[in-house]
Amino acid sequence: MNRLIVVSNRVQPPSGQGTANQGGLAVALSAALRESNGVWFGWSGEETETFTGQIQFQKAAGVTTATIDLENQDIEEYYNGYANRTLWPLFHYRIDLAEFQRGFAGGYERVNARFADTLTPLVTPEDVVWVNDYHLIPLGRELRNRGCANRMGFFLHIPWPPMRLLLSLPSHRELVESLFAYDVIGFHTRDWLDSFLHYAREQLEAEVAEDGTVRYAGRSLRAIVCPIGIDSQEFIAATQSEAAVRMQETMERSAGGRQMIVGVDRLDYSKGLQERFLGYERFLASNADQHQKVFLLQIAPPSRGEVQSYQEIRASLDALSGRINGEYASAEWVPIRYVNKGYPRDQLAGIYRAAKVGLVTPLRDGMNLVAKEYIAAQDPEDPGVLILSHFAGAAAQMSEALLVNPYSAEDVADALSVALAMPREERIRRWRALMEGVCREDVMWWLRCFVTSIEGGECGDAGAPDQELGAAA
Ligand code: ADQ
């Protein structure tokens, strides 16, 4: 494998024990970089008075990182602005929340150029460059403009929106055209890929070949489906750790014989937390016999607190959990335990294992790694039940979960009833099938699949056991 240069907005070197707030992308890439002995380049998360382009190198837990600081205006326009207030809502189908400001778009272009200026001298001719996520779509074009002729891939961790929604972005065409600087672009699911191809055909009149090659303006790229997985072996081991076992015992003791339903999400409107609370409320309203016998533990550390829509959702969840608890709680029982903090991965594994139901109901999600972690953490002899939104990318691989429409409180309530009453044999049957997929298509498989594709091979060459899921379009 050639040296891998991974680029993402934030670089979070692993701490060895797992970091409480490390996002899905960070968790996956740490595992990937350890195997490839590569360099991880991105923003340090720090602010500087004037941009210097000075790179800080570090090595932690086998991962080399190279980071740069950004100016306040960069952070406001590129990160809080274009990434979090324009592209994130739009790509999660929330056009009502998307803000279109020229200043944001300008900051996005400027920071992508700054990334390219700083990164170009680090790239040697044999390196394979792998750019991650919506913050950095034009980076490939910027690197090419600076003479970078390397093999380059781009992976999108979030959904690709339907063409009709994308058209509302003022510079949609330029953004999509810039993707043609890459040799390969990857999506988690066939749905997201199809939306991209639809745009390419209709708006760019690009030519799409059977094997997923898309030709446009003298360039060609391969667009593939390559779903991310978790480091399943590491997660299974985490479940056996002392911290996990202790946490599981603590939770079981604190549950006092009640069945625990768990939700674990960044506090984000795409995760469907309000709808989840409403679904649970509906369940309580129509299952009086279950009062006192169950409770919902929702863990949701706040994220992107600078952005107003995130402040609003936090306030609304505070109110909603308060209302439901006010309505149903008694002196000895609180139906929703709502916790605004993150947990180290080991403890999280223990919490998942103690939960009889994993409730994962995003309104729209590129993949959703929590669903896979919940499965990996279960006791094979007595596993819990996963309830999963149809609109999470993970649903394409996890059909043995109870799949629900997260917008329908009735659907969520019904699934809760079914899950809580599910006989052990059925739980084991479903779990085994899910676990098999989680272990087979893990983060290493994803890494090999995508890197092999950037290098010009097929996902199948990487040992993909399921041609359907890993297949090129
Ligand atoms: P995220 O939106 O961050 O990732 P997700 O895939 O669910 O979403 O990953 C979240 C990660 O953070 C998981 O590993 C989880 O364990 C961890 N986490 C969440 N809440 C936590 C808490 N309270 N304490 C500790 N850890 C917590 C983006 C996309 C997803 C896509 C991933 C990877 O939005 O759709 O699956 O990238 O591609």
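Axes here are lines fitted to C-alpha atoms, for helices over the stretch in contact, and the angle between two of them runs from 0 to 180 degrees between N-to-C directions. Keep that in mind while touring this model, which is a predicted one.

**First stop: helices 10 and 11**

Select residues 273-286, which form helix 10, together with residues 308-328, which form helix 11; their axes lie 10 Å apart and the packing angle is about 10 degrees. Since angles under 35 degrees count as roughly parallel, helix 10 and helix 11 are therefore roughly parallel to each other. To see where they touch, show the side chains of L273, Q274, F277, L278, E281, L284 and A285 on helix 10, and on helix 11 those of I313, S316, L317, L320, S321, R323, I324 and Y328. Coloured by class, this contact of helix 10 with helix 11 shows 10 nonpolar, 3 polar and 2 charged residues.

**Second stop: helices 2 and 3**

Move next to helix 2 (residues 72-91) and helix 3 (residues 102-119), whose axes come within 8 Å and cross at roughly 115 degrees. That angle makes helix 2 roughly perpendicular to helix 3, and the crossing of the two is left-handed. On helix 2 the contact involves Q73, D74, E76, E77, Y78, G81, Y82, R85, T86 and L87, and on helix 3 it involves G103, F104, A105, G107, Y108, R110, V111, N112, R114 and F115. By class, the residues in this contact of helix 2 with helix 3 are 8 nonpolar, 6 polar and 6 charged.

**Third stop: helices 8 and 12**

Now select residues 232-240 (helix 8) and residues 345-354 (helix 12), which pack at an angle of about 80 degrees with axes 8 Å apart. Helix 8 is thereby roughly perpendicular to helix 12. Here E234, F235, A238, T239 and Q240 of helix 8 meet R345, D346, A349, Y352 and R353 of helix 12, and the contact of helix 8 with helix 12 has 4 nonpolar, 2 polar and 4 charged residues.

**Last stop: the ligand**

Finally, centre the view on the ligand, which has 27 residues around it, and pick out H157, Y343, D365, M367 and E373, the ones that come nearest. For the polar atoms, begin with R266, where an N or O atom of the side chain is 2.9 Å from an oxygen atom of the ligand. Then turn to L369, where a backbone N or O atom lies 2.9 Å from an oxygen atom of the ligand. End at K341, where a polar backbone atom is 3.5 Å from a nitrogen atom of the ligand.

Conventions: Residues numbered from 1 in each chain as written. Predicted model: local features only at pLDDT ≥ 70, side-chain atom pairs only at ≥ 80, totals over all residues. Heavy atoms only, no water. Helix = DSSP H or I, 4+ residues; strand = E, 2+ residues; numbered from the N terminus. Parallel < 35°, antiparallel > 145°, perpendicular 65-115°, else oblique. Left-handed = near helix turned anticlockwise from the far one by under 90°. Contact = heavy atoms within 4.5 Å. Nonpolar A, V, L, I, M, F, W, Y, C, P; charged D, E, K, R; others polar. Near = heavy atom within 4 Å. Polar contact = N/O pair within 3.5 Å; in protein donor to acceptor, adjacent residues only side chain to side chain.
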